[in-house]
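Colleague: Hi! I'm new to this one, so could you walk me through it?

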Amino acid sequence: MKEMYDVLVIGAGVVGCSIARELSKYKLKILVVEKGEDVASEGASKANSAILHAGYDPVPGSLKAKLNVRGNEMYDELCKDLDVPIKRTGSLVVAFSEEEAKELYELFDRGIKNGVKGLSLITKDMVKEIEPHINDTVVAALYAKTAGIICPYGYTIAVAENAAQNGAEFVFNSEVTDIKKNGDFFIVKTHKEEFYSKYVVNAAGLYSDVINNMVGAKPFSVHPRKGEYLILDKDQGYLARTVIFQVPTKMGKGILVSPTVDGNLLIGPTSEDIQDKEFKATTKEGLNKAITVAKRSVDKFDVRKTITQFTGLRATPDTEDKDFIIGESDVKGFINAAGIESPGFTAAPAIAEMIRDILKDAGLQLIEKVDFNPKRKPVIRFTELSDEERNKLIKENPAYGRIICRCETVTEGEIIDVIRRPVGAKSLDGVKRRVRAGMGRCQGSFCGPRVVEILARELNISPLEVTKHGRNSNILTAETKKFLLEKAAEVLKKEVYENA
Amino acid sequence: MLNYDIVIIGGGPAGLGAAVEAYEKGVKNIVIIERDKYLGGILQQCIHNGFGLQEFKEELTGPEYAQRFIDKVEEYDINVMLETMVLEITPDRIVKAVNSKEGVFTIKAGAIILAMGCRERPRGAIMIPGTRPAGILTAGTAQRYVNMEGYLPGKEIVILGSGDVGLIMARRLTLEGAKVKAVVELMPYSSGLTRNIVQCLEDFNIPLLLSHTVIEIHGKDRVEGVTIAKVDENREPIMETAQYISCDTLILSVGLIPENELSQKAGIELDPITGGPIVNEMLETSVPGIFACGNVLQVHDLVDNVTAEARLAANSAIRFIREGEFGKSSIIVKAGNGIRYVVPQKINVDNIEKRIKFRMRPVNVYNNAMLVVKSGDKYLLRQKRQRLTPGEMVDVNLSKDILKNANFEEGIVFLVEEG
C-alpha cells in the first residue's frame with residue numbers, strides 16, 4: 001500500500017504554507033503539493049502590497065473581516081518565532097476633499113464594528129506630522145495603528161521552512177491534474193506521480209476553482225484581478241513612513257504609497273479584472289496609472305528611481321458576497337481555502353486556525369506533538385550584525401566575508417545557507433527572494449553570474465541547468481565553443497550530403 | 001587600525017593607474033582594495049582589441065592593457081587586497097572593509113582615491129512593460145558569461161541600446177554562433193563610438209534601428225520575443241510601426257551609472273548629470289582628501305583617458321598628503337547650450353600648473369559646429385569641431401593664461417555654436 005497522508009494541501013502560497021505549519025503542531029502526516037518550483041513563486045503571495053491590513057475595509061460579519069483582524073493580531077508572535085522582519089508602521093487612508101473625508105467616517109465605523117483597535121480620524125496637521133512628505137492637498141485621514149509592512153514571500157518561505165522542520169513534506173513542480181475520491185481517501189494525481197490522502201485542502205489561489213471543480217464539488221469560479229506595481233530605490237524610501245491609502249473604491253483599496261520592510265518605496269496596485277490566469281506582464285497604461293494616482297498622495301517621488309515593476313494577480317471569487325470561500329465542500333474531506341484575495345495575506349494565519357478546526361470537525365484526529373518547535377532556525381543577516389559579530393562569524397565560516405551582492409551587501413555564506421535550508425532555494429529567483437541578492441539597484445547584473453556559480457556548485461548541477469524560476473527559465477543556453485562546433489558540424493554534414 | 005598614505009578603492013584601470021603613478025612619484029605606502037578575485041576590473045572581460053592606442057601607441061586587448069599595470073603593481077610590490085569589499089568611508093578618511101581573511105577592519109587613509117567604476121542600467125530603470133522571463137540581461141553581464149565563464153546567454157538576440165558594450169557584444173555573440181537580429185536604439189544616433197558601429201555591426205550585417213525601442217517583452221519562462229516600434233521626436237512609440245521579433249534573449253545596453261553609493265555615505269556631493277562626484281581641478285571631491293577618477297567620476301569611452309585621469313588623481317592625492325588642503329576653487333564651470341556636462345565642475349586657477357583638461361559630452365549630434373568657452377560675454381576660446389556626438393567624449397585644453405581672463409563671478413561656460 002502506498003503511503004497515506006492525513007492531509008494534502010494544494011498550493012504553497014502563504015495560505016497553504018500557514019495551514020501546513022498549523023497542522024504540523026499535531027501528529028499528522030502532511031504533504032504540500034505545489035505547481036511552481038518554490039514556495040510563493042507563482043501566485044499572489046509573491047506579488048502583492050506587502051502589508052498587514054488593519055481590518056476596517058471588509059464588510060462587517062464577513063470572513064474577510066473576522067480573519068483579517070484575527071490574523072493581524074497573530075503576526076507579532078509569528079514573526080518573532082519565524083525570524084521575519086515586520087514593522088507596525090500604521091496606515092493612513094487619506095482624503096483630499098470634504099466629500100472623501102465623509103467616507104472616512106464610514107470606514108471608521110466599519111473598523112469599529114470589525115473590532116479593529118487603534119483607529120482614529122485625524123486632521124491635516126496630524127497627517128502632516130505623521131507623513132511630512134504627503135501632498136498639502138490632504139484634508140484628513142483615517143489612521144490605523146495596527147497596520148504594518150512585511151515581506152510577503154519572505155514570510156511565506158519562513159512559514160514553509162518551519163512547517164518542514166516540524167515534519168511537513170513539500171513537493172514542487174507538481175501541478176495537480178486530477179483528484180478522485182476513492183472510498184475514504186483521495187487520490188491526487190500530478191504530471192509525475194500520485195498521492196493518497198485522507199483529507200485534501202484546496203489552497204490553490206487563482207486556481208482554487210479549477211481544483212474544486214476537478215474533485216466534483218459544487219462549482220465556483222475565481223478570476224484574476226490584476227494589480228501593477230513599481231518598486232523604487234531605497235533613496236526614495238524616506239517619502240513614506242506609513243502605508244498611505246486613498247479613499248477606496250469598489251475595485252479595491254486603491255493605489256498606495258508605502259515603504260517596504262527593506263526600505264524601498266512601493267507604489268501600486270492598479271486594479272483590473274482580466275481573464276487570463278497566467279497574465280503576469282506589466283503594461284505601459286497600468287504603470288502610468290499607478291504613478292499618476294500615487295502622485296495624488298505623494299508627488300515627490302522620482303520615477304527615474306524605479307528599480308523594478310511587477311504584476312500581481314488577486315484571486316477574486318465570483319461569488320455573490322465576494323467573501324473568502326472557506327469550509328468543507330459537499331465532497332466530504334475536501335476542504336476549500338479558496339478565493340483568498342486581499343486581505344488574504346493578513347488573514348492567512350487565522351485561516352490556518354480555521355481550517356484546522358474544520359478538519360477537526362470533519363473527523364481528523366488532532367494530537368498535539370510535544371516536540372513541535374515554533375521557532376525557525378534564525379537567519380543570519382550580515383548587514384544587521386555588529387562588526388564584532390561579523391568577525392566572529394567570518395572566523396567560523398569565511399564565506400560570510402565574501403560579499404556577492406554589492407547593492408544589498410549579501411554574503412556568500414548567506415546564499416549557501418538559504419540553498420541548504422529545508423525548502424531551500426533552487427533558482428536565481430529563489431535565492432533573490434530569500435536573501436535579496438539581485439534585488440538591489442543593479443538588479444543582479446553583478447551578482448547574477450556569481451549566484452549561478454554558487455547554485456550550480458551547491459546543487460551539484462551544471463550552470464546550464466540553473467534557472468531563473470524553474471521550468472524552462474534557464475539562464476544560459478550553451479557552452480561557447482561547443483555551440484560553434486555543433487553549428488560547424490551541422491554545416492559540414494549538409495555540405496557532405498550536398499556533395500554526395 | 002591600519003594606516004596607509006593613499007587608499008585606492010577599486011582595482012580596475014583607474015585604480016591601477018593611480019597606484020602605479022603614486023608609487024612612481026615616491027608614495028609607496030598605498031593599498032588597492034578590489035572586490036573581485038583579480039585586478040583589472042571590467043577590462044578582464046573586454047577581450048576585444050582597441051585599448052591603449054594613446055597610452056601605449058599600440059592596440060591591446062582589455063586584459064593585455066590591464067596586465068601592463070598589474071605587472072608594475074607586482075614589480076613595485078604594491079599592497080593589494082582582493083575579494084575585499086569596502087563597506088563605508090567617512091569624511092575623515094576612515095575606510096571600513098570586509099573580506100574572508102581579516103573579517104571587518106578599518107584603515108586610516110592620508111588620502112582616498114575613488115575608482116569604483118560604474119554599473120549598467122537594468123531593465124527596471126527603463127520601464128519596459130511585459131513579462132519577467134529569463135533571458136533579459138545587461139550587455140556587461142552577457143560579456144562576463146561569454147568571455148569569462150564560457151557560456152552563451154542566448155542564441156537569438158535583440159540588443160536594446162547602442163552603447164559600446166552592446167555593440168561589442170553584438171559582434172562577440174555573432175562570432176560565437178548566436179544570431180543577433182537587431183540593435184535597437186531609442187535615439188536618432190548611436191551612443192557608441194563610430195568605430196564600434198562599423199566594426200561590430202556593419203561588418204556583420206547587423207541592423208541598427210535608430211529611433212526605435214522595445215515596447216514589450218514576451219515569454220513566460222524564457223524570452224520568446226520582443227515587440228519593437230519606431231518612436232516620434234518625443235521618443236514616444238508610434239504604435240502603427242510595432243513589429244514582433246522572435247528571440248530568446250534581450251540584451252540591454254542602455255547606459256552606465258557611476259557607482260557612488262560609498263561616496264554618498266561619506267557625504268560627497270554628486271553631479272546629478274554625470275552621476276559622479278563634483279570635483280575640482282585636482283579631481284578632489286567636495287570632501288577634502290577624497291579624489292575620484294575613471295568611470296566612478298564620469299563614464300569614459302576610452303580606457304586611455306581613464307588612465308590619464310587616474311594619474312592626475314594620484315598626483316593630487318600626493319600633493320594633499322604632503323601639503324594639506326588646497327585653496328578654495330572659486331570658478332564655477334558650467335555646461336551651456338549643446339553640452340550636457342563638463343568635468344571638473346569648479347576650478348582654482350592657482351592650482352593649475354600650465355593647462356587643464358576639461359572633459360564633456362554634447363547633448364546632440366553637431367556637424368561643423370564651434371565649441372566655445374565663454375566667461376560672461378567674453379570668449380575665452382572658439383574651436384571648430386568637425387563632428388560632435390553624444391557617443392564621443394570631447395576634450396578641451398585650456399591654458400592657465402586663458403583662464404586668467406575669466407571673470408570669477410560669472411564662471412566659465414562651455415557651449416556649442418552652430419552655423
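Modeller: Happy to! One term before we start: the radius of gyration is taken over C-alpha atoms, and the globule rule is 2.2 Å times the number of residues to the power 0.38. This is a predicted model, where local features need pLDDT of at least 70 and side-chain atom pairs count only at pLDDT 80 or more, while totals for chains, interfaces and linings use all residues. Residues are numbered from 1 along each chain as its sequence is written, and chains are lettered from A and ligands numbered from 1 in the order in which they are written.

Colleague: What is the radius of gyration of chain A?

Modeller: Chain A has 24 Å, which agrees with the value near 23 Å for a compact globule of 500 residues. Its C-alpha atoms fill a box of roughly 85 × 60 × 55 Å along the principal axes.

Colleague: And how many helices and strands does chain A have?

Modeller: Chain A has 13 helices and 23 strands. Both are DSSP runs numbered from the N terminus: helices are H or I with at least four residues, strands are E with at least two.

Colleague: What share of chain A counts as buried?

Modeller: 56% of the 500 residues of chain A. A residue is buried if 20 or more other C-beta atoms lie within 10 Å of its own, exposed if 12 or fewer, and partly exposed in between, with C-beta atoms placed from the backbone.

Colleague: Let's turn to the two chains. How many residues does each give to the contact?

Modeller: Chain B gives 40 residues and chain A gives 46 residues. Two residues are in contact if their C-beta atoms, placed from the backbone, lie within 7 Å.

Colleague: Which element of chain B gives the most to that side?

Modeller: Helix 4 of chain B, with six residues. Other elements that give two or more residues include strand 7 (94-99) and strand 8 (103-114) of chain B.

Colleague: How do the residues on chain B's side divide?

Modeller: There are 14 nonpolar, twelve polar and 14 charged residues. Here Ala, Val, Leu, Ile, Met, Phe, Trp, Tyr, Cys and Pro count as nonpolar, Asp, Glu, Lys and Arg as charged, and the others, Gly among them, as polar.

Colleague: Which strand of chain A is joined to strand 11 of chain B?

Modeller: Strand 23 (residues 478-479) of chain A; two bridges join these antiparallel strands. A:E479 has B:Y151 as its bridge partner. Two strands pair if DSSP finds at least two bridges between them.

Colleague: Staying with chain A, what covers the buried residues of helix 12?

Modeller: The cover includes strand 21 (403-405), helix 10 (412-420) and helix 11 (428-435) of chain A, together with helix 4 of chain B. Among the buried residues of helix 12 of chain A are A:C447, A:V451 and A:L455. Just after helix 12 of chain A, A:N460 takes a positive phi of about 55 degrees.

Colleague: Now chain B. What is the strand order in the open sheet with parallel pairing?

Modeller: The order is 10-18-12-13-14 in chain B, five strands in total. Strand 10 (136-138) and strand 14 (208-209) of chain B are the edge strands, each pairing on one side only. Helix 5 (residues 164-175) of chain B packs on this sheet, touching strand 12, strand 13 (179-184) and strand 18 of chain B.

Colleague: And which order goes with mixed pairing?

Modeller: That open sheet of five strands in chain B runs 23-21-28-25-26. Within chain B, strand 25 (residues 366-375) and strand 28 (residues 412-417) pair in the antiparallel sense over five bridges, and B:K374 stands opposite B:V413.

Colleague: How many residues lie between strand 15 and strand 16 of chain B in their hairpin?

Modeller: Six, and B:G219 in the turn has a positive phi of about 120 degrees. Six bridges join strand 15 (residues 212-218) to strand 16 (residues 225-230) of chain B, which run antiparallel. One of the partner pairs is B:T213 with B:A229.

Colleague: Last one: is B:A292 buried or exposed?

Modeller: B:A292 is buried, because 29 other C-beta atoms lie within 10 Å. B:A292 sits in strand 20 (residues 290-292) of chain B. Not counting residues up to four places away in sequence, B:A292 touches several residues, including B:L114, B:P277 and B:A313.

Conventions
Axes fitted to C-alpha atoms, helices over the stretch in contact; angles between N-to-C directions.
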